[in-house]
Amino acid sequence: MNWSLSFEPLITWPLLAVVLVPLLLALAGLWFRQRGAIFRLAALIALAAALLNPVFLDEEREPLKSIVAVVVDRSQSQDIGDRTKQTDAALAGLQQRLGRFKQFDVRVVEAGKAEAADERTETRLFSSLENAFRDVPPSRIGGAIMITDGEVHDAPSGTPDFNAPLHALITGNEHERDRRIRFENAPRFGLVGKPLDMTYRVIATNNDTGPVDVRVSVNGEQVSVEHANIGQAMPLQVTIPSAGRNIVELAINHEPGELTDTNNRAIALIDGIRENLRVLLVSGEPHAGERTWRNLLKSDASVDLVHFTILRPPEKQDGTPINELSLIAFPTRELFVEKIKDFDLIIFDRYQHRDVLPILYYDYISEYVEKGGALLIAAGPEYAGESSIARTPLISALPAMPTGEVIDKAFYPRLTDTGQRHPVTRGLDGSATEPPHWSRWFRTIGVENPEGEVVMKGADNRPLLLLDRKGEGRVGMLLSDQGWLWARGFEGGGPHVQLYRRIAHWLMKEPELEEERLTADGRGMVLEIRRQTMSDDPGPAQVITPSGKALIVRLEKSEPGVFLGSVETSEIGLYQVGNGDLTALAHVGPVNAPEFTDVVSTENRLKPPAEATGGSVRRLAPASALGNLTSMVTLPSIVPVRSSGAASGNDWIGLRTTDDSVLKAVSRVPLFGGFLGLGLLLLAMGSMWYREGR
């Protein structure tokens, strides 16, 4: 029972003040010892008390429980050794002991098992603790107990936001040892084919300074073995082999007694960037679409263009003195003999054979293609004429011979079945409708026995765009000179930039435009696989996880020539993906995650916040535990304490109780209510009247 006295005045306070004036006069009369002053004072006090209406209140209250949070670290570092067993044993023991106390409401919070990669990057126990106490008033927080290996990445340096004891129970063993490797400096970008400078460091917990062998791999292939001194920053130089994503991996051997070999590897993701590609564009006599290729290539920041237009062939003699000509002589020997290997692509735009280029030089161009060069023929009527370059030694590099026909007929360029799957023409803007949503062309150059792949067709279903491989090089042939109609916006134009750029970059071996390509990437904790292929079904992909497990991932058709697959993973690290003869590497999860930066259990990170709240940090395993005894845990006793008392001792931890309660019911007993109050008031007034009457 909780009794209290309350006043519920029957009139307002200003009127009560008027009643107090006679009361003060009665007190003055009593001071001056006037006759009847005591009776007058008693009567006025009785009247004032009746008007104040004093009431006894009896409150029935139910005490509230203190909220205690048990935060369980379920991050991947807790899977090392016997830490999971220690954690489970400690949790079960705490739940049993806390269950004996009716004044505690226990909330168990498991942290570190979120799906998103950013949640798995670090062990964030204090953010989980904050969420557990979000709906709890500060006066009801009894304390928190963390079961963790101590590698907590959001631990505050001072006092936490709640005013209650924080206790940490540390898993693992204080005699643990480990080695790890990390990148000190790893640029995100590098030039393809050029050396890239990096630095790394090998760290050991036992302060060892001896040399260690470091295996260096680029895109899964070992390129060197370096010798590093433990604890020192070591230089490293690697060559970026290809454009796009490259994976540089450092690895050291696992030593007996180490906690884990997960952090014996370090990964750096480097985007390879090509130096500017060099393109030689040779145009024949000026024509309506001459500047189409030039404008496109000049606008491409990754291309250095050398362009020549044959304005004055040798047979054109008009008697103009040489010193009055402003034309530049065509440097044939310099371009096609001395520096031909420096070009990534040679384009002949409506070019016909004349004495400008010696016949022997066509052999050099064919040899250039066979050894890995790229050649594009943008054909016009000249290709079907007597001076066609197909009538030169260049024939060995060409994918089709002209028939001599020039078909002047309106048509819509269309994709072939092969072209719908080929990365050069797949998904061209406007190709999904019939007729295609682009303008017509009006000329096709006839060819016979085309080699390679016909990806676009022209009038009467004749080949329009050919793509072929010759030796180690590539050749393309566009059998119309009408692409400029798209560039000029005729009948709405067309995707000439998209098409021309893809043709040029495919010829220059852009990885993204390869017909057969397998790529993989990590999105959060999901491994995504993309397969480009010209086949109808590439089959499933084989995946090897960082721990060596084999998985089969089914690839589903996304669009013509593209198959996709994905699988949710639980391991952070490097995944190997294979499909047919193709392989790919992908890193899933955060690169060099803090979760595995340092896996040795520690008490140091949680000591400052725990001691600031009056709590404690202690290990679950005895200091002498070895071998199989590391799974044994020693739990401290739990003691309820008041807010002002100590919260920890040698073998016990304290959790605070609260004084908060919930009001269930209230009983009212008016002192001057009913006949009792009326009788007392009449007695006081009657006594005063009787005394005044005498």
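**Group meeting: salt bridges, a parallel sheet and some unusual backbone angles**

The protein chain we are looking at today holds 13 helices and 36 strands, and I should say at once that this is a predicted model. The chain has 694 residues, of which 46% count as buried. Its accessible surface comes to about 34400 Å², and 51% of that belongs to carbon and sulfur atoms. As for how the chain folds back on itself, if we take the contacts between residues at least 6 apart in sequence, 71% of them join residues at least 24 apart.

Let me begin with a sheet. Five strands, in the order β4-β3-β5-β6-β33, form an open sheet in which the pairing is parallel. At the edges we find β4, residues 104–111, and β33, residues 616–619, each of which pairs on one side only. Averaged over the sheet, and with direction ignored, neighbouring strands are turned by 15 degrees against each other.

Within that sheet, I would like to look at one pair of neighbours in detail. Strand β5, which covers residues 141–148, is joined by five bridges to strand β6, which covers residues 166–170, and the two run parallel. To give one example of the register, Ala 144 has Leu 166 in β6 as its bridge partner.

Helix α3, residues 83–98, lies across β3, β4, β5 and β6, and with respect to β3, residues 66–73, the helix runs at about 170 degrees. Please keep this helix in mind, since Arg 83, which we come to now, lies in α3.

On to the charged side chains. In general, side chains of opposite charge can pair when their charged atoms come close. How many salt bridges does a search of the whole structure find? The search returns 37, and I will go through a few of them.

Which residues does Arg 83 pair with? One of its partners is Asp 149, with a distance of 3.1 Å from N to O. Asp 149 sits in the loop between β5 and β6 while Arg 83 sits in helix α3, so this pair ties together parts of the chain that are 66 residues apart in sequence. Another partner is Glu 176, where the closest N and O atoms are 2.9 Å apart. Since Glu 176 belongs to the loop between β6 and β7, the latter being residues 179–185, and Arg 83 belongs to α3, this second pair ties together parts that are 93 residues apart in sequence.

Are these residues buried or exposed? Asp 149 has a relative accessibility of 0% and therefore counts as buried, and Arg 83, at 1%, counts as buried too. Glu 176 is likewise buried.

For contrast, consider the salt bridge in which the side chains of Arg 554 and Glu 556 meet at 3.0 Å, N to O. Here Arg 554 counts as exposed, because its relative accessibility is 65%, and Glu 556 is partly exposed, with a relative accessible area of 42%.

There is also a network of salt bridges, which links Arg 350, Glu 382, Asp 408, Arg 443 and Asp 481. Arg 350 brings me to the backbone, where the background is that most residues other than glycine have a negative phi, and most peptide bonds are trans. Although Arg 350 is not a glycine, its phi is positive, at about 50 degrees. The residue lies in the loop between β17, residues 345–349, and α8, residues 359–370, and at 15% relative accessibility Arg 350 counts as buried.

Lys 509, also not a glycine, has a positive phi of about 65 degrees. We find Lys 509 in the loop between α11, residues 496–507, and β25, residues 517–523, where it is partly exposed, with a relative accessible area of 30%.

On the peptide bonds themselves, a cis bond joins Glu 434 and Pro 435, with omega at about 0 degrees. Pro 435 is part of the loop between α9, residues 417–421, and β21, residues 444–448.

Finally, a word on the surface. Which residues make the nonpolar surface patch of about 270 Å²? They are Phe 189, Leu 191 and Ile 273. Ile 273 belongs to strand β14, which covers residues 265–273, and with a relative accessible area of 40% Ile 273 is partly exposed.

Technical notes
Residues are numbered from 1 along each chain as its sequence is written. This is a predicted model: local features need pLDDT of at least 70, side-chain atom pairs count only at pLDDT 80 or more; totals for chains, interfaces and linings use all residues. Side-chain values use heavy atoms; hydrogens and water are left out. Patches are made of residues with over 30% relative accessible area and no salt bridge: like charges are joined within 9 Å, nonpolar side chains (Val, Leu, Ile, Met, Phe, Trp, Tyr) within 5 Å. Accessible areas come from the Shrake-Rupley method with a 1.4 Å probe; for residues, only the protein chains shown count as cover. A salt bridge is a side-chain nitrogen of Lys or Arg within 4 Å of a carboxyl oxygen of Asp or Glu. Helices (H or I, at least four residues) and strands (E, at least two) are DSSP runs, numbered from the N terminus. Buried means under 20% relative accessible area, exposed over 50%, partly exposed in between (1.4 Å probe, protein chains only). Two strands pair if DSSP finds at least two bridges between them. Axes are lines fitted to C-alpha atoms, for helices over the stretch in contact, and angles run from 0 to 180 degrees between N-to-C directions. Contact means heavy atoms within 4.5 Å.
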